[in-house]
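Trainee: I'd like to go through this one with you and hear how each label is earned. Shall we start?

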Amino acid sequence: MMPALAAPRPFAWAIPGLQSLLELFPPFLLAVPKKKVSHSRKAMRSANKGLKDKRNLVHCPGCGSPKLAHHLCSNCYSSLNRAWKAKVRGGGNSESNVPVALD
Ligand SMILES: [Zn+2]
């Protein structure tokens with residue numbers, strides 16, 4: 001039949017249109033640390049990353065539970081959120097779902 005197809009052609013590694021095999025890999029695959037970070041170096045780096053005491057705790061004026069200063073109280077927020085969701089499920093009126101600003 002066709003003698004050119006019967007003979008095994010040598011496998012070509014080069015892909016036409018590709019300059020280098022590095023073009024196949026995305027660049028983030030090649031971002032690898034150059035040297036191993038030893039246990040001592042790692043411990044020295046993380047020595048100042050320990051947990052620190054919170055100094056900005058206050059009591060919520062609404063419910064009295066401790067919360068971070070200048071943050072929303074999680075206890076009050078969960079109760080308000082539960083109430084809003086119950087209202088949405090019960091009422092279904094989109095105009096009345098606007099949350100009321102808290103003081
Ligand atoms: Zn609260």
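Mentor: Sure, start with Cys-76: it has 16 C-beta neighbours inside 10 Å, so it counts as partly exposed. Keep in mind that this is a predicted model, where local features need pLDDT of at least 70, side-chain atom pairs count only at pLDDT 80 or more, and totals for chains, interfaces and linings use all residues. Residues are numbered from 1 along each chain as its sequence is written.

Trainee: What makes Cys-76 "partly exposed"?

Mentor: Buried takes 20 or more other C-beta atoms within 10 Å of a residue's own, exposed means 12 or fewer, and partly exposed is in between, with C-beta atoms placed from the backbone. Cys-76 has 16, so partly exposed is the label.

Trainee: Which residues is Cys-76 in contact with, leaving aside its neighbours within four places in sequence?

Mentor: Cys-60, Gly-62 and Cys-63. Contact means that the two C-beta atoms, placed from the backbone, lie within 7 Å. As for Gly-64, it is twelve residues from Cys-76 in sequence, and their C-alpha atoms are 9.8 Å apart.

Trainee: Where does Cys-76 lie?

Mentor: In helix α3. Helices are DSSP runs of H or I with at least four residues, strands are runs of E with at least two, and both are numbered from the N terminus. The protein has three helices and two strands, in the order α-α-β-β-α.

Trainee: How do you know that the span of α3 agrees with its 17 residues?

Mentor: The expected span is 1.5 Å times one less than the number of residues. For residues 74-90 that should give 24 Å, and the end C-alpha atoms are 24 Å apart, so the two agree.

Trainee: Why say that α3 lies largely in the open?

Mentor: Because the number buried among its 17 residues is zero. Across the protein's 103 residues, 2% count as buried.

Trainee: Why is His-70 called exposed?

Mentor: His-70 has 7 C-beta neighbours inside 10 Å, so it counts as exposed. His-70 sits in the loop between β2 (66-68) and α3, and its phi is near 65 degrees, a positive value in a residue other than glycine.
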